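Here are my notes for when you next open the model. I have kept them as numbered points so that you can go through them with the viewer beside you.

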Amino acid sequence: PLDHSNGRAIRSKGCVFYSPNATRNIIIPTCYSENMYLFHSDALLNDIFQKPIWWSDPYGWLSFVPCVPSFMGIFSCLAGAPCITCPDGEHWFGLDEISLHEWSQLESRLMFTYKMLAIKYGTLAITPAPPSFSGYKRKHNTREIARRCTENSRRWFILWMGLLSYAIAMSDSQFVCHDSHSVMYPKWYSYLAECTIPETWLTGIQSSTICNFSKPCLHVGIIVDIPELQKTRRPMYHFFLKFNIPFWYVWGPYEKRQSQNFQLYKALTPL
């Protein structure tokens, strides 16, 4: 049976939205078209960064974006204020050389790791812009512009963390022996290791926010239409519960009537 102990209903736009696993207040957004590209501007970061949107195949992964990401381990280069420098004799500002190299390497590894998982498991997603889209690699006229660009770039990194987290959740979660010591690893780990991705990086992913699906690690979450849960390739509600991803759905007269005859609606009936 579905656990409703952490459930809560909210009213928005004349409808009741219920979540069985989230108690926070949210703003119900308009539905984005599946064919709309959301990542063409830094300005949209405020709209999609920490606000749940309606589920769609291309953008469902946004539900896995961490609300409070941890910049530890392989993401330690993103911690703290960006180091903006102005070389002697120059008239431009930018990220210091060490940070620039670390951020660039992190970007490449995140994007390549996701690409390999998407190829293997057929993950459907419209990917966000690369973090460098916001300009952390570029030279800028003022220190303030350089700082703002690096801050925006860091937020794109967080979106990529959410995308990779979703890809891992959607992959085969079975464990297999990966080495001679009979240590058990997830299949995605073994597959990526076979793709010559360094195991230090894979171990770092395992111990990072990306693979933290515990309740204390809050994620943005998603809003779903119950009928959408029944479509092919769409995750069922068990998926969101398993990975502690908050989800909300409309509960009104129609849903109440459906709960008299259909098991899915019965399971989702608020207490």
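1. Ser171 is buried in this predicted model, with a relative accessibility of 6%. The cut-off for buried is under 20%, so Ser171 falls within that class. Ser171 sits in the loop that links helix 3 to strand 6 (175–177).

2. What lies around Ser171? Leaving aside residues up to four places away in sequence, Ser171 touches Tyr121 and Trp188. A polar atom of the Ser171 side chain also lies 2.6 Å from the backbone oxygen of Ile168. Please keep Ile168 in view, as this residue returns in the next point as part of a helix contact.

3. Helix 2 (residues 97–121) and helix 3 make a pair worth displaying as axes. Two packed helices are described by the angle between their axes and the distance between the axes. Here the axes come within 10 Å and cross at roughly 25°. Angles under 35 degrees count as roughly parallel, and helix 2 and helix 3 are therefore roughly parallel to each other. Their crossing is left-handed. On the helix 2 side, the residues in contact include Trp103, Leu106, Leu110, Tyr114 and Leu117. Helix 3 contributes, among them, Phe157, Trp160, Leu163, Leu164 and Ile168.

4. Arg148 also belongs to helix 3 (residues 143–170). Is Arg148 buried, exposed or partly exposed? Its relative accessible area is 41%, which makes Arg148 partly exposed. Gly135 is 13 residues away from Arg148 in sequence, and their C-alpha atoms are 9.2 Å apart in space.

5. Tyr189 is a good place to look next, in helix 4 (residues 187–194). Tyr189 is buried, with a relative accessible area of 1%. The side chain of Tyr189 makes a polar contact of 3.2 Å with the side chain of Thr203. For a longer span along the chain, take Tyr189 and Gly122: they are 67 residues apart, and 16 Å separates their C-alpha atoms.

6. How do helix 4 and helix 5 (residues 199–206) pack? Their axes are 10 Å apart, at an angle of about 155°. Angles over 145 degrees count as roughly antiparallel, and helix 4 and helix 5 are therefore roughly antiparallel to each other. Helix 4 passes helix 5 in a right-handed crossing. Trp188, Tyr189, Leu192 and Ala193 of helix 4 meet Glu199, Leu202, Thr203, Ile205 and Gln206 of helix 5. Both partners of the polar contact between Tyr189 and Thr203 thus appear in this list.

7. Now to the aromatic rings. With ring centres within 6.5 Å as the criterion, the count is 28 aromatic pairs. One of them joins Phe17 and Trp54 edge-to-face, at 6.0 Å centre to centre and with 65° between the planes. Phe17 lies in strand 2 (residues 15–19) and Trp54 in strand 3 (residues 53–54), so this pair ties together parts that are 37 residues apart in sequence. Phe17 and Trp54 are both buried.

8. Tyr249 and Trp251 give another edge-to-face pair, with 6.4 Å between the centres and 70° between the planes. Tyr249 is buried, as is Trp251. These two residues belong to one aromatic cluster, whose members also include Tyr18, Trp55, Phe64, Tyr166, Phe213 and Phe247.

Methods: Residues numbered from 1 in each chain as written. Predicted model: local features only at pLDDT ≥ 70, side-chain atom pairs only at ≥ 80, totals over all residues. Heavy atoms only, no water. Phe/Tyr/Trp six-rings, centres within 6.5 Å; stacked < 30°, edge-to-face > 60°. Helix = DSSP H or I, 4+ residues; strand = E, 2+ residues; numbered from the N terminus. Buried < 20%, exposed > 50% of the residue type's maximum accessible area, 1.4 Å probe, protein only. Polar contact = N/O pair within 3.5 Å; in protein donor to acceptor, adjacent residues only side chain to side chain. Contact = heavy atoms within 4.5 Å. Axes fitted to C-alpha atoms, helices over the stretch in contact; angles between N-to-C directions. Parallel < 35°, antiparallel > 145°, perpendicular 65-115°, else oblique. Left-handed = near helix turned anticlockwise from the far one by under 90°.
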